[in-house]
Amino acid sequence: MSTDINDVELVSSSQAHTGRGLGTGNPADQFVIQPPRTRTTKTPRRTRTNFEMLAWLFMRLSGVVLVVLILGHLIIMLTLDGGVSRINFAFVAGRWASPFWQGWDLLMLWLAMLHGANGMRTVINDYAEKDSTRLWLKTLMGVATVFTVLLGTLVIFTFDPNI
């Protein structure tokens with residue numbers, strides 16, 4: 001069955017945006033995309049924040065920085081400083097005596113934890129169906145993240161090699 005161009009009913013573009021279909025009788029016509037709603041006097045000026053966009057941007061930027069920090073950490077620890085057999089309490093004490101290495105490890109800790117927590121938040125938002133489940137999972141994850149970051153920061157800054 002061939003369709004002749006003369007058999008096609010043409011509709012104006014304004015009719016396609018009414019949300020009532022194209023009038024051709026095809027059930028798929030009801031799925032025409034409607035234009036965006038217009039603002040009214042009751043509509044708030046700003047209805048969304050840019051949190052999700054900023055979270056997305058943080059994931060990309062922190063991922064790049066983490067790759068540099070972690071690869072640098074692995075190269076230094078495993079190849080340049082004599083390998084794993086050299087790592088002990090005295091090695092860590094000597095390393096953390098330098099503010100540079102404290103800053104390196106602190107940045108790695110903070111970025112890794114926040115990067116992981118942000119990724120976990122996205123997974124929870126995607127897969128937790130009930131709002132209450134989502135709330136409790138994100139609360140638990142937030143508490144664990146804050147606890148780990150604070151404890152790690154405390155250890156890095158209060159490490160005493162003379163114990």
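## The largest pocket

In this predicted model, the largest pocket is lined by Phe 51, Leu 54, Ala 55, Phe 58, Leu 114, Ala 117, Asn 118, Arg 121 and Thr 145. Two elements, H2 and helix H4 (99-127), each give two or more residues to that lining. The volume of the largest pocket is about 150 Å³.

Arg 121 is one of the lining residues. Arg 121 also takes part in a salt bridge, with Glu 52 as its partner.

## Overall fold

The protein chain has 5 helices and 0 strands. Along the sequence the pattern reads α-α-α-α-α. The chain has 163 residues, and 23% of them count as buried.

## Annotated transmembrane regions

An unreviewed UniProt entry carries the annotation "transmembrane region" for residues 54-76, 96-114 and 135-159. In the model, residues 54-76 are 100% helix and 0% strand. The end C-alpha atoms of that span are 32 Å apart. Residues 135-159 are 96% helix and 0% strand. Here the end C-alpha atoms lie 35 Å apart.

Val 65 sits in helix H2. It is partly exposed, because its relative accessibility is 35% and the partly exposed class runs between 20% and 50%. The C-alpha atom of Val 65 is 9.8 Å from that of Ala 112. Along the chain, these two residues are 47 residues apart.

## Salt bridges between helices

The structure holds 3 salt bridges. One of them joins Arg 121 to Glu 52, with 3.0 Å between the closest N and O atoms. Arg 121 lies in helix H4 and Glu 52 in helix H2, so the pair ties together parts 69 residues apart in sequence. The partners differ in exposure class: Arg 121 is buried at 11% relative accessible area, whereas Glu 52 is partly exposed at 47%.

Arg 95 and Asp 105 form another salt bridge, at 3.4 Å from N to O. This pair links distant parts of the chain, with Arg 95 in helix H3 and Asp 105 in helix H4, 10 residues apart. Arg 95 counts as buried because its relative accessible area, 9%, is under 20%. Asp 105 is buried too, with a relative accessible area of 11%.

## A salt bridge within helix H5

Side chains of opposite charge can pair when their charged atoms come close. Asp 131 and Arg 134 make such a salt bridge, with the closest N and O atoms 2.7 Å apart. Both belong to helix H5 (residues 131-158). They are 3 residues apart, so about one helical turn separates them.

Asp 131 counts as exposed, at 59% relative accessibility. Arg 134 counts as buried, at 18%.

## A nonpolar surface patch

Val 67, Ile 70, Leu 71, Leu 74, Ile 75, Leu 78, Leu 80, Val 84 and Ile 87 form a nonpolar patch on the surface. Together they have about 800 Å² of accessible area.

Ile 87 is one of the patch residues. Its place is the loop between helix H2 (51-80) and helix H3 (89-95). Ile 87 is partly exposed, with a relative accessible area of 35%. That value meets the patch cut-off, because patch residues need over 30% relative accessible area.

Note on methods:
Residues numbered from 1 in each chain as written. Predicted model: local features only at pLDDT ≥ 70, side-chain atom pairs only at ≥ 80, totals over all residues. Heavy atoms only, no water. UniProt positions renumbered as here; feature names shortened; annotations may be inferred. Helix = DSSP H or I, 4+ residues; strand = E, 2+ residues; numbered from the N terminus. Patch = residues over 30% accessible without salt bridge, like charges linked within 9 Å, V, L, I, M, F, W, Y side chains within 5 Å. Areas by Shrake-Rupley, 256 points an atom, 1.4 Å probe, with all protein chains shown as cover. Salt bridge = Lys/Arg side-chain N within 4 Å of Asp/Glu carboxyl O. Buried < 20%, exposed > 50% of the residue type's maximum accessible area, 1.4 Å probe, protein only. 1 Å grid on protein atoms, 1.4 Å probe; cavity = no way out; pocket = protein on both sides within 12 Å on 5 of 7 lines; lining within 4 Å. Points joined across faces, edges and corners; volume = space filled by probe spheres on them.
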